[in-house]
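User: I should like a close look at one part of the model below, followed outward into its surroundings. Please give a connected account in residue-level terms.

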Amino acid sequence: MRKPKIASDWLAGCAGCHMSLLDIDERIIAVTELADLRATPITDLKQPDEKGVDVGILEGGINNSANEEVAIRMRKRCGILVALGDCAVFGGVPAMRNFFTIEESLRRAYVETESTDSEGMIPNDPELCVPTKVRSLQEVVPVDIFVPGCPPDADTIFYVLSELAQGRRPDIKGDKNQWQ
Ligand code: SF4
């Protein structure tokens, strides 16, 4: 039987959700026996197969035009799209930036930080992506499964991966202890 293909990528987040994925430790072997893990930020392949994958997993919110491109590409190439972690589910910590204008945020990051010297300036190059308001994943592309948590714990991630790898839709409501 063909193994389902799973790919993941990250957007505006802290990489903590993928670190939590790695916290499933040796259970990654069980996942790889059930599924073909394709492109991820922590493997050599970086983009989901052009011919498509069964499951796409995205960590992080949508923070700029580059994030939009990654989210749209994953949505086009995957059958089931999973929003992994609070940033993807509702914007999370990065969305705190929405209390300020983009200009104020860029000034704070590149000019006003305590470690910035007097030459600090906001980067300005046509090749740079365009910053946007921070949005949840579902504000940009349709999402099939939401896995909240900051980050979701490793047991939750293992449950979600193993269910998807076996062609089942994970039920992430209820007491997580039932999954252990
Ligand atoms: Fe990091 Fe939390 Fe966002 Fe995951 S949900 S990327 S752990 S801030």
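In which helix does L22 lie, and which residues does that helix span?

Analyst: L22 belongs to helix α1, which covers residues 16–22. Before going further, it should be said that the model is predicted. The mean pLDDT of the protein chain is 94, and 96% of the residues reach at least 70. The stretch 176–180 is a weak point, with pLDDT below 50, although it has 9 contacts in the model beyond near neighbours in sequence. Where pLDDT is low, the predicted coordinates should not be read in detail.

Let us begin at the surface. L22 is partly exposed, its relative accessible area being 42%. A residue must have over 30% relative accessible area to count towards a patch, and L22 passes that mark because its value is 42%. Together with W10, M19 and I42, L22 makes a nonpolar surface patch of about 330 Å².

The chain segment that leads into α1 can be followed next. A12 sits in the loop between β1 and α1. With a relative accessibility of 10%, A12 counts as buried. When neighbours within four places in sequence are set aside, A12 is in contact with G60, G61, N63, N67, C87 and P94. As a reference for distance, A12 and S162 are separated by 150 residues in sequence and by 25 Å in space, taken from C-alpha to C-alpha.

Going back from that loop, we come to strand β1, residues 5–10, and to the sheet around it. The sheet is open, is built of 5 strands in the order β2-β1-β3-β5-β7, and has parallel pairing. Its edges are β2 (36–37) and β7 (145–147), each of which pairs on one side only. On one side, β1 pairs with β2 in the parallel sense over 2 bridges, and here K5 stands opposite D36 of β2. β1 also pairs with β3, residues 53–59, again in the parallel sense and over 5 bridges. In that pairing S8 is opposite I57 of β3, while D9 is opposite L58 of β3. As a general point, side chains in a regular strand alternate between the two faces of the sheet.

D9 deserves particular attention, since its side chain leads out of the sheet to a helix. The side chains of D9 and R73 form a salt bridge, with N to O at 3.8 Å. D9 lies in strand β1 and R73 in helix α3 (residues 65–77), so this pair ties together parts that are 64 residues apart in sequence. The two partners can be told apart by their accessibility. D9 is buried, because its relative accessible area is 11% and the limit for that class is under 20%. R73, at 21%, is partly exposed.

The same helix offers a further link. R75 and D144 meet through their side chains in a salt bridge of 3.1 Å, N to O. This pair also connects distant parts of the chain: R75 is in α3, whereas D144 is in the loop between β6 (131–135) and β7, 69 residues away. R75 counts as buried at 18% relative accessibility, whereas D144 is partly exposed at 26%.

These two salt bridges are among the 11 that the structure holds. Another joins E112 to R107, with the closest N and O atoms 3.6 Å apart. Both of its residues count as partly exposed, E112 at 42% relative accessible area and R107 at 35% relative accessibility. Salt bridges that share partners also join K5, D36, R38 and D49 into one network. Two members of that network, K5 and D36, have already appeared above as opposite positions in the pairing of β1 with β2.

One further residue may be noted in helix α5. S105 lies in this helix, which runs over residues 102–112. At 16% relative accessibility S105 counts as buried, and outside its neighbours within four places in sequence S105 is in contact with R97 and F100.

To return to the point of departure: L22 of helix α1 contributes to a nonpolar surface patch. The loop before that helix holds the buried residue A12, and strand β1 is linked to helix α3 through D9 and R73.

Notes
Residues numbered from 1 in each chain as written. Predicted model: local features only at pLDDT ≥ 70, side-chain atom pairs only at ≥ 80, totals over all residues. Heavy atoms only, no water. Patch = residues over 30% accessible without salt bridge, like charges linked within 9 Å, V, L, I, M, F, W, Y side chains within 5 Å. Areas by Shrake-Rupley, 256 points an atom, 1.4 Å probe, with all protein chains shown as cover. Salt bridge = Lys/Arg side-chain N within 4 Å of Asp/Glu carboxyl O. Helix = DSSP H or I, 4+ residues; strand = E, 2+ residues; numbered from the N terminus. Buried < 20%, exposed > 50% of the residue type's maximum accessible area, 1.4 Å probe, protein only. pLDDT = per-residue confidence, 0-100. Contact = heavy atoms within 4.5 Å. Pairing = 2+ DSSP bridges.
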